[in-house]
There are 2 protein chains.
Amino acid sequence: MTCHLLTIGDEILIGQIVDTNSSWMSQQLNLRGIRVIGKSSVGDTRAAIVEGIELAARHADVIIMTGGLGPTKDDITKKTLAELFNAKMVFDEITFQRIEGYFTKIQRPMPPTMRDQATLPDKATILTNKVGTAPGMWFEHNNKVYVSLPGVPFEMEYLMTHEVIPRLVERFEARPIAHRTVLTACEGESMIAKRIEAFEDGLPEHIKLAYLPGLGQVRLRLTGVWPGELVPDASQQLDLELDAHLAELVEQIPELIYGFEDETLSGAVGNLLAGRGWQLATAESCTGGYIAHQLTSVPGSSAWYPGSVVSYSNDIKNKLLGVPNDLIAAHGAVSENVVIAMAKGALDTLGADIAVSVSGIAGPDGGTPDKPVGTVWMAVATRDKVVTKKHIFGRDRLKNISLSSTYALNMVRQFLDGTI
Amino acid sequence: MTCHLLTIGDEILIGQIVDTNSSWMSQQLNLRGIRVIGKSSVGDTRAAIVEGIELAARHADVIIMTGGLGPTKDDITKKTLAELFNAKMVFDEITFQRIEGYFTKIQRPMPPTMRDQATLPDKATILTNKVGTAPGMWFEHNNKVYVSLPGVPFEMEYLMTHEVIPRLVERFEARPIAHRTVLTACEGESMIAKRIEAFEDGLPEHIKLAYLPGLGQVRLRLTGVWPGELVPDASQQLDLELDAHLAELVEQIPELIYGFEDETLSGAVGNLLAGRGWQLATAESCTGGYIAHQLTSVPGSSAWYPGSVVSYSNDIKNKLLGVPNDLIAAHGAVSENVVIAMAKGALDTLGADIAVSVSGIAGPDGGTPDKPVGTVWMAVATRDKVVTKKHIFGRDRLKNISLSSTYALNMVRQFLDGTI
């Protein structure tokens, strides 16, 4: 079975929102062995929606649409689908009552447009949306399945999880497919490719390796598709085969790998801290709270993360972290001496076992010939060891913040691992 | 002229990366009046790439492809394009020398795969990539333009800005199109729609209003397409018309609006602070540094933002913000009394004129019947005024962090505006 994702809405074409829905949907479908073979986006016109659907149906068995189901006037998906499948629009009392109940629950008055939300094509199987107003719709037409979902991410996610995927799994029998993803930080794609060239050349035909570069990170993904006949234990055999190749891959580049699958670098750091029973403190200047955010995004982080001082001003570096003012005057806030003092200060101020500090010039202004924009010093310290590192990143403020956080977290990981 | 964006790569179909490239490209093209009428994504196979290109060429004059140009073995775009346009692959000495120079500049050894990077279809106009290794390519075939760019965002952005858009503007004459975007926070789409219904009904045919809902924010976008003959001052006339409708829209919902176009809520707060010469401090518990990150993402924020205490533990709330331990014991860390004490403490500790504090239960655990997951208290304080607010958001940790930050920043905005 193959699937095509169709995103409907001018807001995607105009680029005012980033389409995070379709990547989430792809992940979930792939996990169930449902292969996404294409994605497309069309605008909010009848002609574009019809063309998008027809092109998708040329190659896919299932077409899942998102967007265009809201109560506001730019949303015409529902009417277009009714026309396309020769359905009549009928008022659905059950859906209307559910929407009424929804507004009662969130304690807001129900807008009058909600009668339209409950008017639906009579040929659709209604997918009950318990977390929003617009229901999903499931059509079957010429042996293909057409699903229409709201574009609001958590409503789409609810309907995919509780309504769409269970129905797809029931209706189709999928060919086993499996993935293994290795997560690396702070090394470039080309260098990694060079180190694992022999491994890559030795992979069998039905297992592919892909490089997924991100900012300061590269993910390596092995994908296996079951090559032979469908035997009862095909999935298990494929899993075993992938696990063996995965183990071989890990052996090539052990020190670059911080985790697997959907782990995060901050989560990996958290696990190392939890394993030792240590508390980590952060003292952030140019990263401005982003490291703290990465760490506190991890559920349960309060077990190993007491907090951070975001010392954007020199005054706070001095007052809260005890960095001597004359040290700042002598070396500048972006210097090895100051990040060492910040990390040491954070250990005491925040009562931690290990601390990481960052000070740099994120840009776009503030650079000097000596210390251009992108210059970042960082330190990791315990009470008896300090490691420092200087990086020169680029000229983009947000990228510098993000890269600095990644390199700082990776430095904590290596420190805890004993590799630095 | 119409444009189609084609993203190439299994990593998009499998959902392991979010396609931020195409939204950026759409924005930039729209700004120049180049209309994006479709987007699609295909996998890393020759057949899928060819089909994607052919379908795109059915309705668009320009097809811009991203991805599939890296040196690693899953990248086959270049060869497929050469075949499709009957081009020969030839080694390009100039490109090779540029790549050599690039590696010299970043002080890394050049991997041997770089000879392949410099082997290019002879029918392509080479678009020089000064920020990476893979060059862009521009083909003309049957009166259509085909552009291939690397998928790494900053390389794509460099090539779009310096090579692709200038060539497109030169080659085509575009129909004037213009947009105005109004940014609102902390009110739902349906309620806004109700308040501006009469305005919306009064819009002429060639001006459309779209609702772009995000987490805790809704953007309202007016789009005008020049309806008549192309007169010399068409763009200016369209701009004036849109500005008049924009002013009318602002009058309907003034207190909901924090900015326009690509402003950010934190940037708007920064402007209000700068206007008064005030310093803002933050004391964050459940938001864990995310408010600090939002504020320090604004270039020049050090002028009005000295820093933050991320007081994840009660100990730090007490030690750095002076929140009495018995206050925490009596009311709990998530309480009105504690956020007031945190904000007051931040004023003193961080030496600011105004402070915002947040304490809540982000989840997934930690809720009680009294204070379920999603319960968040926040306070904004100066030395002589305090405003507090309690919210109950949802069950998702990252959404709670993000919503809490948005509501807290909006509260600071309203406080500075004098509307609360």
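Buried means under 20% relative accessible area, exposed means over 50%, and partly exposed lies in between. The legends below use these words for a predicted model.

**Figure 1. A salt bridge joins B:Glu255 and B:Arg195.** The closest approach of the two side chains, N to O, is 2.9 Å. B:Glu255 lies in the loop between α10 and β12 (257-260) of chain B, and B:Arg195 lies in helix α8 (residues 189-195) of chain B, so the pair ties together parts that are 60 residues apart in sequence. B:Glu255 has a relative accessibility of 35% and therefore counts as partly exposed. B:Arg195 is also partly exposed, because its relative accessible area is 38%.

**Figure 2. Salt bridges with shared partners form a network in chain A.** The members of this one network are A:Arg180, A:Asp239 and A:Asp243.

**Figure 3. B:Arg180 and B:Asp243 form a salt bridge.** The closest N and O atoms of this pair are 2.7 Å apart. The salt bridge links distant parts of the chain: B:Arg180 belongs to strand β9 (residues 177-185) of chain B, while B:Asp243 belongs to helix α10 (residues 234-252) of chain B, 63 residues apart. Is each partner buried or partly exposed? B:Arg180 has a relative accessible area of 13%, so B:Arg180 is buried. B:Asp243, with 36%, is partly exposed.

**Figure 4. The side chains of B:Arg46 and B:Glu83 meet in a salt bridge.** Their N to O distance is 2.4 Å. Here two helices of chain B are linked, with B:Arg46 in helix α3 (residues 46-59) and B:Glu83 in helix α4 (residues 77-84). The two residues are 37 residues apart, and the pair links distant parts of the chain. B:Arg46 is partly exposed at 39% relative accessibility, and B:Glu83 is partly exposed with a relative accessible area of 44%. Over all chains, the count of salt bridges comes to 19.

**Figure 5. Chain A contains 16 helices and 17 strands.** Its C-alpha atoms fill a box of roughly 80 × 60 × 40 Å along the principal axes. Chain A has 420 residues, of which 58% count as buried. Of the contacts in chain A between residues at least 6 apart in sequence, 67% join residues at least 24 apart. Carbon and sulfur atoms account for 51% of the accessible surface of chain A, which comes to about 16,800 Å². Chain A has 38 positive and 49 negative charges, and the mean positions of the two sets are 4 Å apart.

Technical notes
Residues numbered from 1 in each chain as written. Chains lettered and ligands numbered in written order. Predicted model: local features only at pLDDT ≥ 70, side-chain atom pairs only at ≥ 80, totals over all residues. Heavy atoms only, no water. Salt bridge = Lys/Arg side-chain N within 4 Å of Asp/Glu carboxyl O. Helix = DSSP H or I, 4+ residues; strand = E, 2+ residues; numbered from the N terminus. Buried < 20%, exposed > 50% of the residue type's maximum accessible area, 1.4 Å probe, protein only. Contact = heavy atoms within 4.5 Å. Areas by Shrake-Rupley, 256 points an atom, 1.4 Å probe, with all protein chains shown as cover. Lys, Arg positive; Asp, Glu negative; His and termini not counted. Charge placed at Lys NZ, Arg CZ, Asp CG, Glu CD.
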